[in-house]
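Me: Please take a close look at one part of this predicted model. I would like the C-terminal domain and its surface, with the charge pairs that go with it.

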Amino acid sequence: MVKRGLKHSILTGLTLLALVGTSIGGPSNTVDARGKEKIAPYKNPKLSVEKRVDDLLPRMTLDEKIGQMVQPERNSVTANDIKVYGIGSVLSGGGSLPTTGNKPADWANMVDDFQRGARSTRLGIPIIYGIDAVHGHNNVYGATIFPHNIGLGAANDLKLMKRIGQATAEEVRATGISYTFAPVLAAPQNIRWGRTYEGYSEDPKDTGKLGSALVEGLQGEKNDPDFLKGKHVAASIKHFVGDGLTEGGDDQGNVTEYTEKEIQKHIKPYKEAIKAGARTVMVTYSSINGLKTHGDYHMITEVLKGELGFTGFVISDYNGPQQIAPNDFRESIKRSVNAGIDLFMIPNDWRQFITTTKELVAKGEVSESRIDDAVTRILRVKFENGLFEKPYADQDLVAKGVGGAEHRAIAREAVRKSQVLLKNKNHILPLQKKNSKIFVAGKKADNMGYQAGGWTISWQGGSPQWMGKPEKDLIPGTTILEGIKEKAGKNTKVDFSEDGTGAKGHDVAVVVIGEPPYAEMFGDRDDLGLLQEDIDLLNKVKASGVPMVVLLQSGRPMILTEQLKDMDALVASWLPGSEGGGVADVLFGDYQFTGKLSFTWPRNMEQINTHDKTNPLFKKGFGLRTK
Ligand code: GLC
């Protein structure tokens, strides 16, 4: 750091000299002795990223530096604010859509408008716009919606993960955005946690491999000339660290049951993903032994930036810093800046962040070198992200749009591979295609709101409204019922009943049960038993005497030990997303079941609450084939 400091002071001196000379074409260009305009080195893409950072940083005022460190939400900032305050980044929270509509062009125009504000500042430093594209570009209507991560963990296909990342990145770029807050690297240890489905596996070794593959898909490979550029985006591995280790699975809770050595196992996926090129890391809301990780200098600076050698930027979670000292904004900002966070996701109180941080520096409670470290990292990623050369949306990608057949085919493959066959009495599966009468039961069989789960169009999913009633047509795609109808032969009769009435007389019933959509703390549960509506549905179909193939559409294993005996077949379908046809592909045997559980399936809540994995209903790694 000292070396860099010395370099900076020399550069500052030289820069001051240069600035004394006539400057034309904006404050950062100069004219040489022959009157020829020389562009400032930081604007020269032929120079290395480090040289460009080293040239730009000393040019910046403290105000400009602090402006780079804050990320307001799109609905609390204007292009003019970005220009006046030199804001460095903007985000869309879950469901925070452009006011003009939800097509790729609406997004691209909105982001470009913000960008014009940034590009009109003294130094023209572009913003980086971030969004949660966590199972496809899930805020955008018509985007390809992939299975949530718990299903991808069951598929456990690294090449597929990379293709999912590439497809997602391309659809994010189609909206003018170059940064996604994904993937989650948590290895959830208590499935009561509402974010279990955002985890690939209970085993951090699986999570490291799958998350790193997704990072490579999103960003491109490190030696790829289009690394973070073109159709690629910057990833944000999250939430560092231990978000899946909290007591009782409490979202944003406290990690108390694990030793430092055990927590190390959950740091390993970050090491692996950083090696794969991850360029941003988001900090967890949770605490370790009572210390909020947003204020944990050891974890963020000594471990992440030190031991793991992370050189990208560290971003806070949404109002995460303020949880450090809930009644003292100044103390929260002081501790989170000094802990090593670089970019602050402070959706509304971003002006207060700027004034507070400036005052902390003036009082010597936050050092300028800490500010310089943060801004160096932010600028580094922006240069890598190609934002200085191509700050605006790629209109060819915007025109190509989202949700094309090629990406949907990848998603359908992922759905197929994610299905886990847990029971198949008398080989009732695969279903027969001809001369059979199939009865499909349950509202969840024909409803995209249920099928896609949380983080879809809105934060909580299910409907555009906050916690609305899950909507059948929330997104375009194929429901499980539509997939069954498509796949069944022309001589096959497929009947459907939301409440299970009318099963009698059919050869087989496909009964879809599961969870309503939820996200984060809204999915925390004390009891993971089947919903009463599903128990009633199962009992009604059971009473008809028709054999039952049960599909559980949920964000995690659920307690169904008692009901299992009545099921002739059971499939864990997880949260398939837009391409529900992939479920029919394996039900009818066009593709073999290959999914294996990436989580232990408990018999009862006691086993969950005591972390007892000795005698589960189904072991991690279990999954049947039909032949
Ligand atoms: C949320 C989540 C985080 C997400 C962020 C922005 O609270 O914890 O995963 O990226 O806010 O939506």
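**A nonpolar patch and its surroundings**

Reply: Trp466, Met467, Met521 and Phe522 form a nonpolar patch on the surface, about 400 Å² in area. Take Phe522 as the example. Phe522 sits in the loop between β15 (508-514) and α18 (532-544). Its relative accessibility is 32%, so Phe522 counts as partly exposed. That value passes the cut-off for a patch, which asks for over 30% relative accessible area and no salt bridge.

Now the domain. UniProt, in an unreviewed entry, lists residues 420-624 as "Glycoside hydrolase family 3 C-terminal". Over residues 420-624, helix makes up 20% of the chain and strand 16%. The end C-alpha atoms of that stretch are 7 Å apart. The entry also lists residues 61-381 as "Glycoside hydrolase family 3 N-terminal". Over residues 61-381 the chain is 42% helix and 8% strand, with end C-alpha atoms 20 Å apart.

Next, the charge pairs. Side chains of opposite charge can pair when their charged atoms come close. The whole structure holds 50 salt bridges. One of them joins Lys540 to Asp499, at 3.7 Å from N to O. This pair links distant parts of the chain, 41 residues apart. Lys540 belongs to helix α18, while Asp499 lies in the loop between β14 (493-497) and β15. The elements β15 and α18 also frame the loop of Phe522. Lys540 has a relative accessible area of 38%, so it is partly exposed. Asp499, at 41%, counts as partly exposed too.

A second pair is Asp473 with Lys472. Their side chains meet at 3.8 Å, N to O. Asp473 is exposed, because its relative accessible area is 56%. Lys472 has 33% relative accessibility and therefore counts as partly exposed.

Salt bridges also form a network here. It links Arg412, Arg416, Lys433, Glu486, Lys487, Asp585 and Asp590.

Two sites elsewhere serve for reference. Arg122 and Glu64 meet in a salt bridge at 2.8 Å, N to O. They are 58 residues apart: Arg122 in the loop between α5 (104-119) and β4 (128-131), Glu64 in helix α3 (residues 62-68). Glu64 has 18% relative accessibility, so it counts as buried. Arg122, at 35%, counts as partly exposed.

The other site is a surface patch of positive charge, where Lys261, Lys265, Lys268 and Lys271 gather. Lys271 is placed in helix α9 (residues 260-275). With a relative accessible area of 52%, Lys271 is exposed.

Technical notes: Residues are numbered from 1 along each chain as its sequence is written. This is a predicted model: local features need pLDDT of at least 70, side-chain atom pairs count only at pLDDT 80 or more; totals for chains, interfaces and linings use all residues. Side-chain values use heavy atoms; hydrogens and water are left out. Patches are made of residues with over 30% relative accessible area and no salt bridge: like charges are joined within 9 Å, nonpolar side chains (Val, Leu, Ile, Met, Phe, Trp, Tyr) within 5 Å. Accessible areas come from the Shrake-Rupley method with a 1.4 Å probe; for residues, only the protein chains shown count as cover. A salt bridge is a side-chain nitrogen of Lys or Arg within 4 Å of a carboxyl oxygen of Asp or Glu. Lys and Arg count as positive and Asp and Glu as negative; His and the chain ends are not counted. The place of a charge is taken as NZ of Lys, CZ of Arg, CG of Asp or CD of Glu. Helices (H or I, at least four residues) and strands (E, at least two) are DSSP runs, numbered from the N terminus. Buried means under 20% relative accessible area, exposed over 50%, partly exposed in between (1.4 Å probe, protein chains only). UniProt positions are given in the numbering used here, feature names are shortened, and annotations may be inferred rather than shown by experiment.
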